[in-house]
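Grab a pencil and have a go at these exercises. Try each task yourself before you read the solution under it.

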Amino acid sequence: MLIKCVMIELTNNCNLDCMYCYNSRGSVNSWNFSDLIKTCNSFKKMGINKFIFSGGEPFLYNNINQIIEWGIENNLIFSFISNGIHITVKTISLLSNSHFSIQISLDTINRSTYSLIRGEDKLESVLNTIEKVRKSNIPLSISITVNSITLKTLPETLKYCADNSFGNI
């Protein structure tokens, strides 16, 4: 099978209002849990065992811990693309007992630039989550959306990533 991985948008619900995001804060669309399991099982039957979950914000999905538990029980590989704000202690605990990974969006470590891009100042919350995830030994990568605004603060953001040994950016 040539397809090795499937990306699924768990929900378009998001807690931020990023200036460049295609998701809006309008009506919320989220997967029905049983439909999601059926869909993932269909992919499993095709030999696909890796799933990337995105959103909106995937950790706002109502059944996030259940899908993580199901993935662990079925020996699947999950990766989550997140803004890093709503990853709970319980979710981190579940993820630390798996071979799942998280990619957190950190476009800048400059507070005013972060607020401008994301619609509100949640930078400290994201940095705290990054530290919690790192301490839990969950594989973590950082994504940086480079645009004309973040380009101005890119050197300090890359320095932060280098100083914290983020090899995957």
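**Exercise 1.** Is Asp121 buried, partly exposed or exposed?

*Solution.* Before we start, note that this is a predicted model, where local features need pLDDT of at least 70, side-chain atom pairs count only at pLDDT 80 or more, and totals for chains, interfaces and linings use all residues. Residues are numbered from 1 along each chain as its sequence is written, and side-chain values use heavy atoms, with hydrogens and water left out.

Step 1: get the cut-offs. Buried means under 20% relative accessible area, exposed means over 50%, and partly exposed is in between (1.4 Å probe, protein chains only).

Step 2: apply them. Asp121 has a relative accessible area of 39%, so Asp121 is partly exposed.

**Exercise 2.** Find the salt-bridge partners of Arg111 and say what they tie together.

*Solution.* Step 1: know what to look for. A salt bridge is a side-chain nitrogen of Lys or Arg within 4 Å of a carboxyl oxygen of Asp or Glu. The structure holds five of them.

Step 2: take Asp121. Its closest N and O atoms with Arg111 are 3.1 Å apart, making a salt bridge. Asp121 sits in the loop between H4 and helix H5 (123-135) while Arg111 is in helix H4, so this pair ties together parts 10 residues apart in sequence. (Helices, H or I with at least four residues, and strands, E with at least two, are DSSP runs numbered from the N terminus.)

Step 3: take Glu124. The side chains of Glu124 and Arg111 also form a salt bridge, at 3.1 Å from N to O. Glu124 is in helix H5 and Arg111 in helix H4, so parts 13 residues apart in sequence are tied together.

Step 4: put it together. Through shared partners, Arg111, Asp121 and Glu124 join into one network. As for accessibility, Arg111 is partly exposed at 38%, and Glu124 is partly exposed at 41%.

**Exercise 3.** Are the two ends of the Arg118–Asp107 salt bridge buried or exposed?

*Solution.* Step 1: check the pair. The closest N and O atoms of Arg118 and Asp107 are 3.0 Å apart. Arg118 is in helix H4 (residues 111-118), and Asp107 is in the loop between strand E4 (101-105) and H4.

Step 2: look up accessibility. Arg118 counts as buried at 5%, and Asp107 is buried too, at 1%.

**Exercise 4.** Which residues does Ile67 contact, leaving aside neighbours within four places in sequence?

*Solution.* Contact means heavy atoms within 4.5 Å. With those neighbours set aside, Ile67 is in contact with Phe33, Leu36, Ile37, Phe53 and Phe78.
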